[in-house]
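Biologist: Could you take me closely through one part of this model, the packing of the last helices, and then set it within the whole chain?

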Amino acid sequence: DRDLDRLIDEETKRAGLAIAADARTALKALIGSDRLISRSEVQKLCLYAADAGASGVDDVRALVGDGGAFAIDETLDALALGDSAAFDRGYRRLVATGTPGFVIAGAALRHFNFLQKARAAFDAGRSAEALVQRAIPPIFFARQKSVAQQIGQWSPARIERTLTMLDQAMLASRLHGNLSDDVIGQTMQLVATLAARRQPA
C-alpha cells in the first residue's frame, strides 16, 4: 500500500497534478499487480487530467482499469437493490455495447456467491461494513456502502433461491442461443423484483 502511494505521489508530483483522496483510493484499488503497468496507468491518468490540474474519482473511472467492469458492477447493484428500472437500463446498455448476457449472469452469480458467504458471517456477528472492506477481491470503495446494504437486505433463503434462478437461466440460455440475452434478462428482472420486496424469505 505504501509503495502504491509512493508511486502515485511520484507521478502526480512530476506532472504537477493534485489527486483527490477518493480518487487515490479508487486508483489504488485498480492497480498494483504489476509495478510497470501501475506506473503506466498513473501516467496515463496524469496526462488525462493535466489540463484540469487535479484528478477526481470520475477521471479514474473513465480512464483506469476496465470500464466495462464498472458498468457491470453498477448494473448488479441495481439488481440486488431492487431498482428494476436502473437494472433494465444497465443491462440493455451492456448488451447493446457487446457484453453477452451470460457474462452479466456469470458476474451476478459471483456477486450472489459473495453475498451468501458474507450473509453467513453477518449472521454470525460480523459487521457488513467490515466484510465489504475486507472482501477479496477488493470491492471498489464507491460500491462498499451499497454492497453492505445488500448483505443486510438479502436473507440466506432468498440468496439461495436467486442462485438457483441464475443457474437455470444460464442453462436455458445455452439451449436457446438466439434468445440467450432475453432469457437471462428476464430472469434477472425477476431477481430485481424479488429484491424490491425487501422481506425475509
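Modeller: Setting aside residues up to four places away in sequence, Thr187 touches Met165 and Ala169, where contact means heavy atoms within 4.5 Å. This is a predicted model, in which local features need pLDDT of at least 70 and side-chain atom pairs count only at pLDDT 80 or more, whereas totals for chains, interfaces and linings use all residues. Residues are numbered from 1 along each chain as its sequence is written, and side-chain values use heavy atoms, with hydrogens and water left out.

Thr187 lies in helix α11; helices (H or I, at least four residues) and strands (E, at least two) are DSSP runs numbered from the N terminus. With a relative accessible area of 14%, Thr187 is buried, buried being under 20%, exposed over 50% and partly exposed in between, for a 1.4 Å probe and protein chains only. Its C-alpha atom is 43 Å from that of Asp5, a residue 182 positions away in sequence.

The partner helix to begin with is α10. The axes of α10 and α11 come within 8 Å and cross at roughly 170°, the axes being lines fitted to C-alpha atoms over the stretch in contact, with angles from 0 to 180 degrees between N-to-C directions. That angle makes α10 roughly antiparallel to α11 (under 35 degrees counts as roughly parallel, over 145 as roughly antiparallel, 65 to 115 as roughly perpendicular and the rest as oblique). On the α10 side the contact is made by Arg158, Arg161, Thr162, Met165, Leu166, Ala169, Met170, Ala172 and Ser173, and these meet Ser180, Val183, Ile184, Thr187, Met188, Leu190, Val191, Leu194, Ala195 and Arg197 of α11. Sorted by class, the contact of α10 with α11 has 12 nonpolar, 4 polar and 3 charged residues, with Ala, Val, Leu, Ile, Met, Phe, Trp, Tyr, Cys and Pro counted as nonpolar, Asp, Glu, Lys and Arg as charged, and the others, Gly among them, as polar.

Thr162 belongs to helix α10 and counts as buried, at 0% relative accessibility. Beyond its neighbours within four places in sequence, Thr162 is in contact with Phe112, Trp154, Val191 and Leu194. Trp154 in turn, again without residues up to four places away in sequence, touches Ala80, Phe112, Leu115, Arg119, Ile159, Thr162, Val191, Leu194 and Ala195.

Helix α7 packs against both α10 and α11, and I take α10 before α11. The axes of α7 and α10 are 10 Å apart at an angle of about 160°, and these two helices are therefore roughly antiparallel to each other. Their crossing is left-handed, meaning that the near helix is turned anticlockwise from the far one by less than a right angle, clockwise being right-handed. From α7 the contact draws on Phe102, Ala105, Gly106, Ala108, Leu109, Phe112, Asn113, Leu115, Gln116, Arg119 and Asp123, and from α10 on Pro156, Ile159, Glu160, Thr162, Leu163, Leu166, Asp167 and Met170. The class count for α7 with α10 is 11 nonpolar, 4 polar and 4 charged residues.

Against α11 (residues 180-197), the axis of α7 (residues 101-123) comes within 8 Å and crosses at roughly 30°, which makes α7 roughly parallel to α11. This crossing, too, is left-handed. Gly101, Phe102, Ile104, Ala105, Ala108 and Phe112 in α7 meet Asp181, Ile184, Met188 and Val191 in α11, and the residues of this contact divide into 8 nonpolar, 1 polar and 1 charged.

The largest nonpolar core has 39 residues, and Leu79, Phe112, Trp154 and Met188 have the most contacts inside it; such a core is a set of buried Ala, Val, Leu, Ile, Met, Phe, Trp, Tyr and Cys residues joined through side-chain atoms within 4.5 Å. Two or more residues of this core come from each of α5 (67-80), α6 (84-96), α7, α8 (128-133), α9 (144-153), α10 (156-175) and α11, with the largest share, 9 residues, coming from α7. A second, separate core of 17 residues includes Leu4, Ala23, Leu27 and Leu45.

For the chain as a whole, there are 11 helices and 2 strands, following the pattern α-β-α-α-β-α-α-α-α-α-α-α-α along the sequence. The C-alpha atoms fill a box of roughly 55 × 45 × 25 Å along the principal axes, and 44% of the 201 residues are buried. Of the contacts with a separation of 6 or more, 70% join residues 24 or more positions apart.
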